[in-house]
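Dear colleague,

I am passing on the structure we spoke about, and my notes on it follow below. Please read them with the coordinates open beside you.

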Amino acid sequence: MCAVLKFCARQALDQLVGPFKDLVLLDQNCFKREEGWKELLQLIPDSKIVEKFERRWTDDRSSDDKWADLMDEIRASYPLKAARVSTIKFTIVYLSDVVVH
């Protein structure tokens, strides 16, 4: 059963690669408003990163810019764990109320 779940999760993540930027970041601009980017930051377990972006992000910055900020910070702070970004994408698209399905 576990292998099947991993396979299904991998398939779901593979389907996100292309549309994530277009759908979540550009089309829906899910993190532009405070409600959206606060939900995104709840997925980040590092309180230093969360605090940094709570002070830095405003509603006048695009979702694409905020996502780029976050990815740069994760890669700089956790170079060996940057692959966990897939979990964040999965949560945003499949489990979040921010994305309109």
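Please bear in mind throughout that this is a predicted model. I began with helix H3 (residues 34-41) and helix H4 (residues 47-56), whose axes come within 10 Å and cross at roughly 170°. Since angles over 145 degrees count as roughly antiparallel, H3 and H4 are therefore roughly antiparallel to each other, and the crossing in which H3 passes H4 is right-handed. On the H3 side the contact involves Trp37, Lys38 and Leu41, which meet Val50, Phe53 and Glu54 of H4; sorted by class, this contact comprises four nonpolar and two charged residues, with no polar ones.

Turning to the interior, the largest nonpolar core has 21 residues, and those with the most contacts inside it are Val24, Phe31, Leu40, Ile44, Trp67, Leu70 and Ile92. Two or more residues are given to this core by each of helix H2 (19-27), H3, H4, H5 and helix H6 (85-95). Within that list Leu70 deserves a look, for, leaving aside neighbours within four places in sequence, Leu70 is in contact with Leu40, Ile44, Ile49, Phe53 and Trp57.

Finally, there is Asp64, which is found in helix H5 (residues 63-77). Is Asp64 buried, exposed or partly exposed? Its relative accessibility is 23%, so Asp64 counts as partly exposed. Not counting residues up to four places away in sequence, Asp64 touches Lys21, Leu25 and Leu26, while the C-alpha atoms of Asp64 and Asn29, which lie 35 residues apart along the chain, are separated by 7.5 Å.

With best wishes

Definitions and conventions:
Residues numbered from 1 in each chain as written. Predicted model: local features only at pLDDT ≥ 70, side-chain atom pairs only at ≥ 80, totals over all residues. Heavy atoms only, no water. Axes fitted to C-alpha atoms, helices over the stretch in contact; angles between N-to-C directions. Helix = DSSP H or I, 4+ residues; strand = E, 2+ residues; numbered from the N terminus. Parallel < 35°, antiparallel > 145°, perpendicular 65-115°, else oblique. Left-handed = near helix turned anticlockwise from the far one by under 90°. Contact = heavy atoms within 4.5 Å. Nonpolar A, V, L, I, M, F, W, Y, C, P; charged D, E, K, R; others polar. Buried < 20%, exposed > 50% of the residue type's maximum accessible area, 1.4 Å probe, protein only. Core = buried A, V, L, I, M, F, W, Y, C linked by side-chain atoms within 4.5 Å.
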